[in-house]
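Biologist: I have the model open and would like to go through it with you. Could we take it one question at a time?

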Amino acid sequence: MAITRDEVAHLARLSRIALTDAELDHLAPQLDQIITAVAQVQEVAAEGIPPTSHATGLVNVYRDDEPRPCLTPADALSQAPAVEQQRFRVPRILAEE
Amino acid sequence: MTVTYEEALQRYEPVFGLETHVELGTTTKLFCGCPAVFGAEPNSRVCPVCLGLPGSLPAANRRAIEYTIKIGLALHCGIASWCRFARKNYFYPDMPKNFQISQYDEPLCTDGYLDVLVGGRTVRVGIERVHLEEDTGKSLHVGGATGRIHGAEYSLVDYNRAGIPLVEIVTKPVPGTGFGAPGVAKAYVTELRDLLRSLGVSDVRMEEGSLRCDVNTSLSVRGSGVWGTRTETKNVNSLRSVERAVRSEIERQAAVLDGGGRVIQETRHFHEDTGVTTSGRSKEEAQDYRYFPEPDLVPVAPPAEWVEEIRASLPELPSARRARLQAQWSLSGLEFEALHNAGAVGVVEETVLAGASPADARKWWLGELARRANDAGVDVSSLPITPQAVARVAALVASGTLNDRLAREVIDGVLDGEGTPDEVVAARGLAVVSDEGALTAAVDEAIAANPGVAARIRDGKTSAAGVLIGAVMKATRGKADAARVKALILERLT
Ligand SMILES: [Zn+2]
């Protein structure tokens, strides 16, 4: 088995996605099949070739340390669900920063 | 049960390590052009990139990479020829995009060291890694009694700080410092702060949070050779707190172990007010960050020529400067450390450059001026007197124009804003009586007024001359050169 039901439940929790037991029963086997299918790539992966993380082959793309215009606070906050004291108001943070 | 620090050290050997975060002093943030400034109005230094809005693309700030390499080189690290940023996934609202761009298993700099001066000797602290990441936003917790997270009803977030380049410097575990462990930890952070300042990569203001420390501490039973479970103490944000946090964790862990318990691997929080740590979330339930190579940023592969260019631009490092000055001034390790701890190395150096002897410069800055600074509750280097003025006072003493008492008065005048030493001497009429005739007259008067003392001196009790010197000083209102007065008295009576 490529991924267990418990692992799917764990990932869902980490991703803040609420899944019911029925959804887990449904999704876990599907994800298992998908991962098994993708894993076939491993079989053709040649020895000594590092996994690809970037397809372009570019390195060292930098910007100069020059300021650019910012959004106004009003624009920055315009999509926030809640605003107070010109700050994003969010549910309490459970753990320390 | 409680265990004193001394008892703990009898049975256990502490091992500590430090993770230090320092905000770089770049003009802009790490991945966008927003100004990296402290104290701007909330959410006024943000843009689509640092807010993580859809469709935005980060681009790394060349100067932040350069500064990180500079720090790595100053810490004698190797610089990676190729490395990547990594995405650290988590869902606290202190990062608006639900991840932080950091580095994971490919840090830019690895395996170095920092020599720190403590107790007159040098301790070499190994550096595991130096990596670059973005800082998080700042949260205000509303509804709790103290503004802390626990008990808060909701939080308010300002993202001005989100995306400011942050360098994390991680030490290797430091064993074998025994009783001195807290002091070595503090000396390390002090040395690191001074080094970062000398490199010009950060203003390193701890009170503004531009340098923050996490302290790892573990104990091993003496002689066992087995390291214990470590705890990580967060929120250690002053030099004094670094020392207190290590000490407090040593005492706490010793009490746990003595009581037959086991130390739990966990995050603890340091409380400035009480000096103790309390338990945070334990590592067992710690976040699973699912790091993966950051797809939006291409790899960093600093060309060797660039690294060498940066190496060539390094200023004289504090440890090298210390060794040079200590030798130039012919000081012992402890004598130099006293200057270092008083924050007086820089002012003494400038005073010497202004013409004073190293001994005179040290005498004034560690003596009279350190006392004034202490009374005023400021650093000696922030007293309103320049090294040049101190050098001038020393020169006036050396030439016999001032004696030590008058020199202190001149210092008073300069500190009170009355002008240069020469102006104070003129305005207050402070120069010693150099008129030999007036001095001789005062000496003769003193002898005449104290015939008994004069007789004793004639009998060979030259130590009695002090009484006559005192009388002459009184008559001249302290403006006589005591050595000259003594010579005149002895000339007349022996
Ligand atoms: Zn921005």
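Modeller: Gladly, and one definition comes first: donors are N, O and S atoms within 2.8 Å of the metal (3.2 Å for Na, K and Ca), and water is not among the atoms, so sites may look incomplete. This is a predicted model, in which local features need pLDDT of at least 70 and side-chain atom pairs count only at pLDDT 80 or more, while totals for chains, interfaces and linings use all residues. Residues are numbered from 1 along each chain as its sequence is written, chains are lettered from A and ligands numbered from 1 in the order in which they are written, and side-chain values use heavy atoms, with hydrogens and water left out.

Biologist: How are the donor residues of the zinc ion spaced in sequence?
Modeller: The ion is held by the SG atoms of Cys32(B), Cys34(B), Cys47(B) and Cys50(B), at 2.3 to 2.4 Å. Read along the sequence, the spacing of these donor residues is C-x1-C-x12-C-x2-C.

Biologist: How many residues apart are Cys32(B) and Cys47(B)?
Modeller: Helices (H or I, at least four residues) and strands (E, at least two) are DSSP runs, numbered from the N terminus. Both Cys32(B) and Cys47(B) sit in the loop between strand 1 (12–23) and strand 2 (60–61) of chain B. The pair links distant parts of the chain, and the separation is 15 residues.

Biologist: Which arrangement do the four donor atoms around the zinc ion make?
Modeller: Four donors count as tetrahedral if all angles lie between 85 and 135 degrees; four are square planar and six octahedral if opposite donors are over 155 degrees apart and all others between 65 and 115; anything else is irregular. Here the angles run from 99 to 115°, so the arrangement is tetrahedral.

Biologist: Is Arg63(A) buried or exposed?
Modeller: Arg63(A) belongs to strand 1 (residues 62–63) of chain A. Counting contacts (heavy atoms within 4.5 Å) and leaving out residues up to four places away in sequence, Arg63(A) touches several residues of chain B, including Phe31(B), Cys32(B) and Gly33(B). Buried means under 20% relative accessible area, exposed over 50% and partly exposed in between, with a 1.4 Å probe and protein chains only. At a relative accessible area of 15%, Arg63(A) is buried.

Biologist: And Cys32(B) and Cys47(B), are they buried or exposed?
Modeller: Arg63(A) touches Cys32(B). As for burial, Cys32(B) and Cys47(B) are both buried.

Biologist: What radius of gyration does chain A have?
Modeller: Chain A holds four helices and three strands, in the pattern α-α-α-β-α-β-β. The globule rule (2.2 Å times the number of residues to the power 0.38, with the radius taken over C-alpha atoms) gives 13 Å for its 97 residues. Chain A is well over that and so more spread out than a compact globule, with a radius of gyration of 22 Å.

Biologist: Which helix do the buried residues of helix 1 of chain A pack against?
Modeller: In helix 1 (residues 5–14) of chain A, the buried residues are Val8(A), Ala9(A), Ala12(A) and Leu14(A). Just after this helix, Arg16(A) takes a positive phi of about 55°. The packing partner of those buried residues is helix 2 (21–38) of chain A.

Biologist: Which residue is the bridge partner of Val90(A) in strand 9 of chain B?
Modeller: Two strands pair if DSSP finds at least two bridges between them. Four strands, in the order 2(A)-3(A)-9(B)-8(B), make an open antiparallel sheet; strand 2 (83–84) of chain A and strand 8 (138–142) of chain B are at its edges, each with a single partner strand, so one side of each is left without a neighbour in the sheet. Four bridges join strand 3 (residues 87–91) of chain A to strand 9 (residues 154–158) of chain B. In that strand of chain B, Val90(A) is partnered by Ser155(B).

Biologist: How many bridges pair strand 6 of chain B with strand 7 of chain B?
Modeller: Strand 6 (residues 109–118) of chain B is mostly covered, with seven of its ten residues buried. Leu114(B) faces Val125(B) in strand 7, and in the hairpin of these strands, which has two residues between them, Gly119(B) has a positive phi near 60°. The pairing of strand 6 with strand 7 (residues 121–134) is antiparallel, and its bridges number nine.
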